[in-house]
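Trainee: I would like to learn how to read a structure like this one step by step. Could you take me through its features and give me the general idea before each case?

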Amino acid sequence: MAATRWEEAVARGRQRGDRSSEGHCLGNAGTVALLAGDDDRAGAEWTEALGIAREIGDRLLESRALGKLGLVVRAGADYAAGNRLDEH
């Protein structure tokens, strides 16, 4: 239920062309996915949020995305992916 609502919020942000809203909603959807144990989806949502954050210069969203991606990496024990995050 929560995931569906966040995906709807992402769609509304996209329809309005509000990249900030889209990015933050993607992040929240990623958090819901992470809490549900869907690491792949969480990683995809947060990766997209990170790209938007960097595109629009939203340092708060960027830091949240990097932190959450770190949790995804830790959950999957993919430390090489974690090192790649640090390279950007």
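Trainee: Let me begin with charged side chains: how many salt bridges does the structure hold?

Mentor: Please keep in mind that this is a predicted model. A salt bridge is read from a side-chain nitrogen of Lys or Arg lying within 4 Å of a carboxyl oxygen of Asp or Glu, and by that reading the structure holds 9 salt bridges. One of them joins Glu 7 and Arg 41, whose closest N and O atoms are 3.1 Å apart. This pair links distant parts of the chain, since Glu 7 belongs to helix H1 (residues 2–16) and Arg 41 to helix H3, 34 residues apart.

Trainee: Are the two partners, Glu 7 and Arg 41, buried or exposed?

Mentor: The general idea is to look at the relative accessible area, where under 20% is buried, over 50% is exposed, and values in between are partly exposed. Glu 7 counts as partly exposed because its relative accessibility is 26%, and Arg 41 is likewise partly exposed, at 38%.

Trainee: Which residues are linked in a network of salt bridges?

Mentor: The network links Arg 14, Arg 19, Glu 22, Glu 48 and Glu 55. Within it, the side chains of Arg 14 and Glu 48 meet with an N to O distance of 2.6 Å. Because Arg 14 lies in helix H1 and Glu 48 in helix H3, this pair ties together parts that are 34 residues apart in sequence. Arg 14 is partly exposed, with a relative accessible area of 41%, and Glu 48 is partly exposed at 34%.

Mentor: Another pair in the network is Arg 19 with Glu 55, a salt bridge of 2.7 Å from N to O. Here Arg 19 lies in helix H2 and Glu 55 in helix H3, so the two tie together parts that are 36 residues apart in sequence. Arg 19 counts as partly exposed at 29% relative accessibility, whereas Glu 55, at 52%, counts as exposed.

Trainee: Several helices have now been named, so what helices and strands does the protein chain have?

Mentor: The protein chain has 5 helices and 0 strands, and from the N terminus on the elements run α-α-α-α-α. Of its 88 residues, 35% count as buried.

Trainee: How should I read the length of a helix, and what span should H4 have?

Mentor: The idea is to take the expected span as 1.5 Å times one less than the number of residues. For the 18 residues of helix H4 (residues 59–76) this should give 26 Å, and the end C-alpha atoms are 26 Å apart, which agrees. Helix H2 (residues 19–35), with 17 residues, reaches 24 Å from its first C-alpha to its last, close to the expected 24 Å.

Trainee: Which residues of H4 are buried, and which are exposed on the other side?

Mentor: Leu 61, Glu 62, Ala 65, Leu 69, Val 72 and Val 73 are buried in H4. They cover an arc of only 110° around the axis, which means that they are on the same side of H4. On the other side of H4, the exposed residues are Arg 59, Leu 60 and Arg 74.

Trainee: Which residue caps the N-terminal end of H4?

Mentor: To recognise a cap, look for a side-chain atom that approaches the backbone at the end of a helix. In this case the residue is Asp 58, which has a side-chain oxygen 3.2 Å from the backbone nitrogen of Leu 60. Asp 58 is placed in the loop between helix H3 (39–56) and H4. Its side chain also has a polar contact of 3.0 Å with the side chain of His 24. Asp 58 is buried yet has no salt bridge, the nearest side chain of opposite charge being Arg 64, 7.7 Å away.

Trainee: What lies at the start of H2, and what comes just after H2?

Mentor: At the start of H2, a side-chain oxygen of Asp 18 comes to within 3.3 Å of the backbone nitrogen of Ser 20. Just after H2, Gly 37 takes a positive phi of about 85°.

Trainee: Lastly, where does Thr 31 lie, and which residues is Thr 31 in contact with?

Mentor: Thr 31 lies in helix H2 and counts as buried because its relative accessibility is 18%. Leaving aside neighbours within four places in sequence, Thr 31 is in contact with Trp 46 and Lys 68. The C-alpha atoms of Thr 31 and Ala 42 are separated by 6.4 Å, with the two residues 11 apart along the chain.

Key. Residues are numbered from 1 along each chain as its sequence is written. This is a predicted model: local features need pLDDT of at least 70, side-chain atom pairs count only at pLDDT 80 or more; totals for chains, interfaces and linings use all residues. Side-chain values use heavy atoms; hydrogens and water are left out. Helices (H or I, at least four residues) and strands (E, at least two) are DSSP runs, numbered from the N terminus. Buried means under 20% relative accessible area, exposed over 50%, partly exposed in between (1.4 Å probe, protein chains only). The arc is that of the directions from the helix axis to the C-beta atoms. A polar contact is a pair of N or O atoms within 3.5 Å; within protein, one must be able to donate a hydrogen and the other to accept it, and residues adjacent in sequence count only if both atoms are side-chain atoms. Lys and Arg count as positive and Asp and Glu as negative; His and the chain ends are not counted. Contact means heavy atoms within 4.5 Å.
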